[in-house]
Amino acid sequence: MHDDQHSFRVAERMASLADFSFLTDFELAQLLLSAYLHDIGMSPRRENVQAHYNYLCTADDKLLNPIERKEVQNWLDENWPKLNLPLSGLNTVSGIKLADEVCAYYCRSRHNDWSEDWIQDNLKSITPGLYPGWIDDLSMLCKSHHEGYSELCESRFDARLVGSPAASVNIRFLAAILRLADVLEFDPERTPPVILQHRGIVPKSRVFWHQDQGIAFKFSDDRSKLIFSARTPDARIHKAVLSVADYVDAELTCCHNLNQQGAFAQGVISDTERRAYIWQLPANLTLDVKEKDDSFTYIEGTFRPDVPRLLELLSGTQLYNDPRAAVRELIQNAADAISELIGHERLRQDDADNPEHEKTFASLHKIRLTFEREGERLWLRCADDGVGLNKSQIERRLLRSGANERPEFKALEREARAKGFSVFRTGQFGIGLLSYFMIADRVEFDTKRSEEAGDGGGNAWTFVTEGIASFGELKRSSRDRHGTEVRLRLRDDLIPPGPGEDDKWFTGLERYLRMTIRHLPCRFELRNNLKSAPIQWSTGPRWTTEAATFAPDLIADLKEESKRAELLPLDEQERLDRVESRWSELKASAFERLRWFGPVEHTGTYFRARHWVPYFELNGGASLVYIDFVDNCINRTPDNRDGLSPRAQTYFSWKGFQAQGHAFQSAEIGIMEVDIFSDADISINRNAISKLNRERLVNELRKVERDTINKFLAAHRASTFHILNKRIAGKTSKYATPVTPGSFHWKVDREWKQISYPFAVVSAASFEHDQPTWTEATLLDATMPIIKRFSLRTGDDVEPAAAFGGARLCAVQVNYGVRPAGVFLEPPAGRNLLWTSQFPPEWNQLLFVSTTEMHFWNNTHPLVQKLNRHPDTLPHGRTREDRFLECLTSEVLAARFLFAEMPRGFRMLKALRDSRPSEFLQFIRLLEADTMPIYWQTFESIFSDDTRTFMISGTNIIDMPRPFSDKGHLILPDGVVLAKPNREFQLTPVDRAHLERYLNGAAEADG
């Protein structure tokens, strides 16, 4: 708060500080003008304040010009980083108060620049002036009271001669007087009670409005001391008074240091004048600040952290767990610098949003990490050609732990987003530099800001420190190129002494970096200058990992290692040795045949991902499982598996660097790399990603995975393992999968061979309230309707063929097997014998095809036709033997007995033949099996060893295993070959509506 007397009191303070009679008229004029004008910006034009207030509330670009808008946003980034424009909640009291507060603080922060604007605008018309350039000198003098020691040392403040006759003007000396007089301006009238009562002062600032009420100061008699005195009524005022004392102390120290460095005597002036500019004030205040009447005790800080210990924790393995994390932080900082520079470079392009620019600039930049020896010490040197740092950033950001994100970067990111792209930095907590001391006892920075950033100042800087508790030295550098080089002198206790230990440590570091660095904005080179071939790893830009990185773990996961008991019999040890040897052989062979498909990459709004599909190049082509073949037969694993499937793995990273300990698995097949760059948070030690919408991410990653799998299957369609790969990938259609003739291979009695049997691929269907739901099945290359199961109101599920008869016999693929099924290809002609089906003409010699669940009888076979002509002729015997003897009286009863008893298998027929040979011969004659053999087939699965053909010829009952030829023909036990069914026979169209009416009517009749 500055009242209308503030300027006068500042002028009074100037006069009281010392005898300044040696000042020239020009200097006295500048000093007096500065007393009145240095804070003129604290009274800005009302329309200017209103425009800024309205802009904060509306973000209307018409209210401010582009420069003003940028200044507002930069200030918000620095002071209110979580606020976004326009301000929200303006329909509430708290929202309005926030807007008032933000506007007031912003105007206060700008008053120095606005003072300069007022001086330039209002004094330029004064003629004659003090001397040429006097207005610029006055502006610089007024602004100097908010500049620091380093700025006051700049040559623009050097004393010089002006005017005619010539007289000296020492702006630096005048600046020292102004800044001290301004900070010593205490007066109760500065904050009158009426103002305190009626002005809405922010609570956190209100205490500072009271500070002037109890402060007094004066010089000691010999002027060697400046006594600062106050009796404070409460702890809040006490804190405010001490803060003011700190401000005064800082100004006294600054002026004292300038004097000690001879800065007041710098410039082109006479020696006599030079000797006059001697600063005679003390370097510090003499404090006399106490609690009034001992009514309270002031304690500095509720919590008093042990700062050295706190910094030690932030820089140690207690936080990071692994000291090599320091190297990760080192590379992350370099990557951030390059990302920032690429952002500036892209903004210079007309089509800045073109992603090709990112790739182009990425290939032009590099991070180089070098392990080297200098004298007796080992060093790590990280060099980048990124954006670099200026002096202010070194002082205010690099050396400040926990500093907010730099406003200049937030401004860059906003501009980039406006142009359609983003600049992602990994830096978040501002403690990366501290971590370097986990491995180093000396850190050296050499940096120069890039001109692309527009704030470099043209100077390069070197900073050196030897620990968090040590001091640092910052000085100008001779570096002539933008970027940063950081050198870490490794601690003596980091690498054990001894031959080969340094190489061992570097090897561990390389392994760590290969697994940690996932994605980079530039090229990266890892060097070991202790080796004859120094380059050990070269990667980037973009994704850095190679398929070979995942291979060892992938193969190791094919079988979990088991621990042996300590004491085992010798024969048991030998057996386990053989088993382990077999596993070793399998893993070695699998590793040799391991190949990689992909990766397929995807970039979303908050993540980037790429998916690899590992497969094995076997003799028959690409397979998603490793199968060991010996002469085309499967050589099973020691734990009795046909093949070994690699375990799917997902690797997460945060903005390019692995986030360890993030446990959830998204990939179902292969290797998924996921780099999260927004819409989530990372823990301070970067070990876990949090606030991530897992469900949303998993759904998006599933799409990436499906895309890769589809491309893999399409690329390896000719593989004899194509159907197997589709099954593993879960790529069977919801309804049906087309199968090209001759393309189906599967295991047949441990042999991997082509299956030519025609079949349909069908998924299960559900039906409610006796209403069948149609699905589609694909038989070879054509599509047909099919009903797989039918639910009666009783709750029973039945095969339509079993319930109504007359269905066409087809082989249907279900899950991993192929089984017979009755398929309606046309409306049934009528109610036939249950479980009868229409067989392909080529198979008319077969009486039936059976499974463990059902028998499908050939309705064109003479025996079945006999039964259909006499459906009510049934045996009445209670026992099987009674029924067998009864069936010997007629052909129809003999056929009925065969029909009823065949589900028990041919072993029952053999038992009857062996126990009652004469009756069995009579039974065979009634069936005419003595002149025309009866054939049937058991069909567990087309891949099963239990699939056989059988024959009754006279008293001979013969079976034949594995009856299908390579061409799909069915071989009977007596050598008769039934040709593979003509597939056109399988494609008879059906009237779906007719069949549904028929089935529903039949169900009602059964009900």
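Arg916 counts as partly exposed, at 23% relative accessibility; partly exposed sits between buried (under 20% relative accessible area) and exposed (over 50%), with a 1.4 Å probe and protein chains only. This is a predicted model, where local features need pLDDT of at least 70, side-chain atom pairs count only at pLDDT 80 or more, and totals for chains, interfaces and linings use all residues. Residues are numbered from 1 along each chain as its sequence is written, and side-chain values use heavy atoms, leaving out hydrogens and water.

Now for the salt bridges, meaning a side-chain nitrogen of Lys or Arg within 4 Å of a carboxyl oxygen of Asp or Glu. The structure holds 59 of these salt bridges. Here are some of them:

| Pair | Closest N and O |
|---|---|
| Glu881 and Arg916 | 2.0 Å |
| Asp675 and Arg608 | 2.3 Å |
| Arg231 and Asp288 | 3.3 Å |

Take Glu881 and Arg916, joined by a salt bridge. The pair links distant parts of the chain, 35 residues apart: Glu881 is in helix H27 (residues 880–887), and Arg916 is in the loop between helix H29 (906–915) and helix H30 (917–926). Helices (H or I, at least four residues) and strands (E, at least two) are DSSP runs, numbered from the N terminus. Glu881 is partly exposed too, with a relative accessible area of 40%.

Next, Asp675 forms a salt bridge with Arg608. Asp675 belongs to strand S23 (residues 671–676) and Arg608 to strand S17 (residues 607–618), so to speak of distant parts of the chain is fair: they are 67 residues apart. Are these two buried or exposed? Both Asp675 and Arg608 are buried.

The side chains of Arg231 and Asp288 also meet in a salt bridge. Arg231 lies in strand S4 (residues 226–232) and Asp288 in strand S5 (residues 286–291), so this pair ties together parts 57 residues apart in sequence. Arg231 is partly exposed at 38% relative accessible area, and Asp288 is partly exposed at 23%.

What about helix H15 (residues 325–347)? Of its 23 residues, 22 are buried, so H15 is largely enclosed by the rest of the structure. Its end C-alpha atoms are 33 Å apart, which agrees with the expected span of 33 Å at 1.5 Å a residue; that span is 1.5 Å times one less than the number of residues.

Finally, Glu485 sits in strand S11 (residues 483–490) and counts as buried, at 18% relative accessibility.
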